[in-house]
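Let's take a quick tour of one protein chain. Keep the 3D view open while you read.

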2 protein chains.
Amino acid sequence: MAGKAPLVSPLAPAAFPALPAIDGVRFAAAEAGVRYQGRLDVMLAEVAPGATIAGVFTRSATRSGPVLWCEEKLAALRDGEPGGFAVLVNSGNANAFTGNAGRTAVEATASAAAETLGIPAGHVFVASTGVIGEPLKAERIVAAMQGLRDGLAADAAERAARAIMTTDTFPKGAVARVELDGVPVTIMGFAKGSGMIAPDMATMLVFLFTDAAVARGPLQAAVARTADATFNCITVDGDTSTSDTLLMAATGRAAMPPIADAADPRMPVFAAALEEVMRDLALQVVRDGEGATKLVEIRVTGAESAADARRVGLSIANSPLVKTAVAGEDPNWGRIVMAVGKSGAAADRDRLSIRFGDILVAEKGWVAPSYREADGAAYMKRAELVLGVDLGLGTGEATIWTCDLTHRYIEINADYRS
Amino acid sequence: MAGKAPLVSPLAPAAFPALPAIDGVRFAAAEAGVRYQGRLDVMLAEVAPGATIAGVFTRSATRSGPVLWCEEKLAALRDGEPGGFAVLVNSGNANAFTGNAGRTAVEATASAAAETLGIPAGHVFVASTGVIGEPLKAERIVAAMQGLRDGLAADAAERAARAIMTTDTFPKGAVARVELDGVPVTIMGFAKGSGMIAPDMATMLVFLFTDAAVARGPLQAAVARTADATFNCITVDGDTSTSDTLLMAATGRAAMPPIADAADPRMPVFAAALEEVMRDLALQVVRDGEGATKLVEIRVTGAESAADARRVGLSIANSPLVKTAVAGEDPNWGRIVMAVGKSGAAADRDRLSIRFGDILVAEKGWVAPSYREADGAAYMKRAELVLGVDLGLGTGEATIWTCDLTHRYIEINADYRS
């Protein structure tokens, strides 16, 4: 990374939000020297007994050791199991594609955190992000454990958010407050991710915390469904990490009877707030997309099914030709037609319509009579774009978010040598 | 296109091959001024009576008018139908997403060629490549028809190959000679394509000619199967044109009894020669990939099925992170692991092995003990790379060809405004 000043994405939010304390959660961060010196690179979150926890992970067939550990431990949890939880995360090394040594490193760090906090090792969830194929120096993380425990504080979420950054140009946090039957609860979280960057195997990591009381089953269901509608609807370069991890803990400290099942009338309210936080974080990841200068929302309507709509949206969002046209502020709607055509979704050229924001660009198999190229060109100069595609076939809808593809992406990913 | 000197791809062949005459085929090219002045932009191929013809086309759901016409006319042909064929191609305008006017333009040009050559309009196959969404000035092509007919010559294939270029940096031709039961036959063809380029909707067009006698059924089967193994195994940017067209005519002028069905023992010999020509042209398209500086062959073995192998190969070939690593001459095998993992194919991290040429890079879930980064880095400096991935699961194999992703790709596709 040396030799290039770290730039902050032009799409970054003005400031990191004030993340409120969540009753039952404490954070600490440390400089453990996992790979680099003089920067926060390990974070520990301690979740008090009585909490529930849920997670979703990368679908990659080459998942990292930490992901395999989390999946295994999450599946083994029993409802109402006593003891709190911990989330232990390092940056600098992804502990991915490290063979058996990867598993050993996970066990060493999870055990150290478990002993230090007095909880079972199976209650320690781990995530690693950074270079791959190199052994994780677990002993450095173990050595930092005592200091992490001593530093645990309810108001240290921003430090934790900074400790998990790798090539992110800004830390990412979000918060929502909502009342459940008159009881105020808070959902708060932070994330890292900005595509994949040489020589790192990038990763999207998301950690969410709430003081709401939600049983494991409905919490897991809400987290999975909401992740599908947010984090699984963003794409920077179509490349998928081996390490993507999203974990959410609900401490149950709010003065409310627990939400015991998904049919609870408070669940839609909770889920809406959860979606707000997740979407906020997901869009921050896109805003930090490598080389991004434009945030692009792709709204697909009129598809035969929601799955088809998603297929079209991702085909447009991942098309290098669409992404370079956006970078060049070129209202090249022909490339959108192309991406619709190649998506594999049902489409009829003559029913398709395309909009840039409110501007009708193409319809009925041809450019719209009212469309003026100058209007399209002016629209494309915005930093945030909405590209609308209506397939005219049914009621399937999807919204996908992406960024443009610029020289800076090539610089970041090709011009450095590992 | 103005303002940038046209560069020739550094991967271009040293010279255009000498394309031999094919008995029963004549070519002509003209400057019709379809879009640009002073360059060849229309080509006509006349195929004498007694020939058979076959074709494969883009699978895009937003296929262009010319593609729809060719599919329809090809399907309507009856075996042994009298009368020859024509192939009429223009560059400068793709006649795609032009609504009903697109069909009218196809009919006008096909009818003009039919009248001029004295064949049915349904025997005229058309293709168009260039800008999309603009009406094709069919009258300019019609006006050139008489001159095209007068210029028809057996040795004009290179002019024809040049007339169909848009943003190609070199014309693409290939030839193979083979004996079928002692009878020498020739397969010859030319192609255009180099990804997609602003403000054009790019297109891959391929036209093949042979003097062999092959009935329609087995010709179509051989063309489709061979296209799957060649043109459908290359990718520049993963984007699919609305206009891709491959047509092959067999004049039957060679002194041989016709190959009447696919079980004919001469068919494998013919098909092997056909594959040689198609692969040659397909690789020339990759060599002319926008901004390409490296030709990359991805050999996938050990997959559970051939389909899985293809999935893995395309996932690697279309990964912006793999393509930028290649551009940067970075032996970043972690990105290959990532691309395998995201492909959707069955994969086991601990059985996967990766090679750069003959260099074993990773195996058993980790970097190979014998691998030295310096060897990988030296290998990546080559202009032509072979990346080997063995999944260790079965016998499925596939080979995919691609090029790297460079600043020049962004320049070509983002820096011009339409």
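Here is a short briefing on one helix and on how two domains meet.

This is a predicted model: local features need pLDDT of at least 70, side-chain atom pairs count only at pLDDT 80 or more, and totals for chains, interfaces and linings use all residues. Residues are numbered from 1 along each chain as its sequence is written, while chains are lettered from A and ligands numbered from 1 in the order in which they are written.

**Helix α6 of chain A**
- Helices (H or I, at least four residues) and strands (E, at least two) are DSSP runs, numbered from the N terminus.
- With 14 residues (216–229), α6(A) should span 20 Å at 1.5 Å a residue (counting one less than its number of residues), and its end C-alpha atoms are indeed 20 Å apart.
- Its buried residues (20 or more other C-beta atoms, placed from the backbone, within 10 Å of their own) are A:P218, A:L219, A:A222, A:V223, A:T226 and A:A227.
- These residues cover an arc of only 160 degrees around the axis (taken from the directions from the helix axis to the C-beta atoms), so they sit on the same side of α6(A).
- Their cover includes β3 (52–57), β11 (245–250) and α7 (267–287) of chain A.

**Two domains of chain A**
- An automatic or database assignment gives domain 1 (25–287) and domain 2 (295–415).
- Their C-alpha centres lie 33 Å apart.
- The contact (C-beta atoms, placed from the backbone, within 7 Å) takes 10 residues from domain 1 and 11 residues from domain 2.
- On the domain 1 side, β10 (234–235) and α7 of chain A give two or more residues, and α7(A) gives the most, with 3 residues.

Definitions and conventions
Buried ≥ 20, exposed ≤ 12 C-beta atoms within 10 Å, placed from the backbone. Contact = placed C-beta atoms within 7 Å.
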